[in-house]
Amino acid sequence: MSEAIYAEPDMTKKVKFINRGEMKERIVDIYVSADTLRDGETSTKREETADTAPNNGPGDQHSVHIQWWRRPSGVAAVCLGLLCVLLLAGIIGQAVYYSNISKNSSAEIDQLQTSYNTITKERGQLQTSYNNLTKERDQLQNSYNTITKERDQLQTSYNNMTKERDQLQTERDVLSGRLTNLKKTCPEAWQKFESSWYFLSTETKTWKESRQDCLERGADLVIIDGRNEQTFLFNLKKRVWIGLTDSDSEGTWKWVDGTPLTTGYWYDPQPDNGGGKPENGEEDCVEIRTDQSPLKAWNDLSCAENLHWICEKVV
Ligand SMILES: [Ca+2]
Ligand SMILES: [Ca+2]
Ligand SMILES: [Ca+2]
């Protein structure tokens, strides 16, 4: 190794130069410093160009220093360095750009997240409102259905009542017509006085049989309400049964409709319930006698006696 270091260096290299348009070969001496070689470093004796040294012709040896910008490798290195610098600047620019984009994107993501959260919250509120509205709508629908059902029922009841009213009006009109006809003409054997019709029998019966006959005619034994009616009946000049009796309770006189007697047209000393004479028996029914005065003509008599009778029908 030491032999190689201290060996005679090959000082001759052939290089090509361009001088004044001619290609000349020169011998370039390259000196290598032994100290430099020891340190592992190399140095090169630079060439001496034709411009700085006299042209001694082929075979001359010179020590020259070549300027780096004139060396293709130097220019290439410079270009490469510039390219690296530009590339590095580009990378840094890209990094800064994407860093800003990342920051902006992060801010936008935060804003979007906030907006998303807000919208989600509003959506929940809207959903709650929607559910409440749906519930209220269902309740209203139920109320509406109930009211509709009740309305239909009322409508049905109204229709039925209207129908019944029409039927009653028709019946009323029919009855009114019949009444009008009845008022115009009395049934055969009946006579009218004031607001009643009166039927005077042509045969005689007991008080009970007489009343049954009146009921079969749609009437009842006469009820005397005042002086005029009493006088009218007296003037018929018949001993007749009237609808008054104390058969339920002795001395308590009641009309056949159950009303108590208020004004009696007795002649003295009637009513005597037979006057204590066994042959008269119990006297619980009332007749109008014709041998007395019109307003003092009543006598109580045994209900088993046979007399004419008077039926009354109020019209
Ligand atoms: Ca009467
Ligand atoms: Ca009596
Ligand atoms: Ca009597």
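**Figure 1. Two disulfides turn up in a search of the whole structure.** Welcome to this predicted model; the first stop is its cysteines. Counting the bonded cysteines along the chain gives the disulfide pattern 1-4, 2-3. Each of the two links has its own close-up below.

**Figure 2. Cysteine 214 is joined to cysteine 311 by a disulfide.** The two sulfur atoms sit 1.8 Å apart. Have a look at the twist of this link: the torsion about the S-S bond is -85°, and the disulfide is left-handed. Distant parts of the chain are linked here, with cysteine 214 in helix 4 (residues 207-216) and cysteine 311 in strand 11 (residues 308-314), 97 residues apart. Cysteine 214 counts as buried because its relative accessibility is 0%. Cysteine 311 is buried too, with a relative accessible area of 0%.

**Figure 3. Cysteine 285 and cysteine 303 form a disulfide.** The S to S distance is 1.8 Å. The torsion about this S-S bond is about 95°, so the disulfide is right-handed. Cysteine 285 belongs to strand 9 (residues 285-293), while cysteine 303 is found in the loop between strand 10 (296-301) and strand 11, so the bond ties together parts that are 18 residues apart in sequence. Cysteine 285 has a relative accessibility of 1% and therefore counts as buried. For its partner, cysteine 303, the value is 24%, so this residue counts as partly exposed.

**Figure 4. Cysteine 79 and cysteine 84 are both partly exposed.** For cysteine 79, the relative accessible area is 43%. Cysteine 84 comes out at 45% relative accessibility.

**Figure 5. The calcium ion (ligand 2) is coordinated by Asp246, Glu250, Asn273, Glu283 and Asp284.** Asp246 and Glu250 are each listed twice, through OD and OE atoms respectively. Asn273 contributes OD1, Glu283 its O atom and Asp284 an OD atom. The coordination distances run from 2.2 to 2.9 Å. If you trace the donors along the chain, their spacing reads D-x3-E-x22-N-x9-E-D. Aspartate 246 lies in the loop between strand 7 (240-245) and strand 8 (254-255), and glutamate 283 in the loop between strand 8 and strand 9, so this pair ties together parts that are 37 residues apart in sequence. Both aspartate 246 and glutamate 283 are buried.

**Figure 6. Ile223, Asp225, Glu229 and Glu312 supply the protein donors of the calcium ion (ligand 1).** Ile223 offers its O atom and Asp225 an OD atom, whereas Glu229 and Glu312 are each listed twice through OE. These donors lie 2.0 to 2.7 Å from the ion. Why is the arrangement of the 6 donor atoms irregular? The angles they subtend range from 51 to 143°, which makes the arrangement irregular rather than octahedral: six donors count as octahedral if opposite donors are over 155 degrees apart. Along the chain, the donor spacing is I-x1-D-x3-E-x82-E. Aspartate 225 is exposed, with 64% relative accessible area, whereas glutamate 229 is buried at 7%.

**Figure 7. Helix 5 (residues 227-234) carries buried residues, among them the calcium donor Glu229.** Gln230, Phe232, Leu233 and Phe234 of helix 5 are buried as well. Which strands do the buried residues of helix 5 pack against? Their packing partners are strand 4 (190-193), strand 5 (196-200), strand 9, strand 10 and strand 11. Two of these strands will look familiar from the disulfide views: strand 9 holds cysteine 285, and strand 11 holds cysteine 311.

Note on methods:
Residues are numbered from 1 along each chain as its sequence is written. Chains are lettered from A and ligands numbered from 1 in the order in which they are written. This is a predicted model: local features need pLDDT of at least 70, side-chain atom pairs count only at pLDDT 80 or more; totals for chains, interfaces and linings use all residues. Side-chain values use heavy atoms; hydrogens and water are left out. A disulfide is a pair of cysteine sulfur atoms within 2.5 Å. Helices (H or I, at least four residues) and strands (E, at least two) are DSSP runs, numbered from the N terminus. Buried means under 20% relative accessible area, exposed over 50%, partly exposed in between (1.4 Å probe, protein chains only). Donors are N, O and S atoms within 2.8 Å of the metal (3.2 Å for Na, K and Ca); water is not among the atoms, so sites may look incomplete. Four donors count as tetrahedral if all angles lie between 85 and 135 degrees; four count as square planar and six as octahedral if opposite donors are over 155 degrees apart and all others between 65 and 115; anything else is irregular. Contact means heavy atoms within 4.5 Å.
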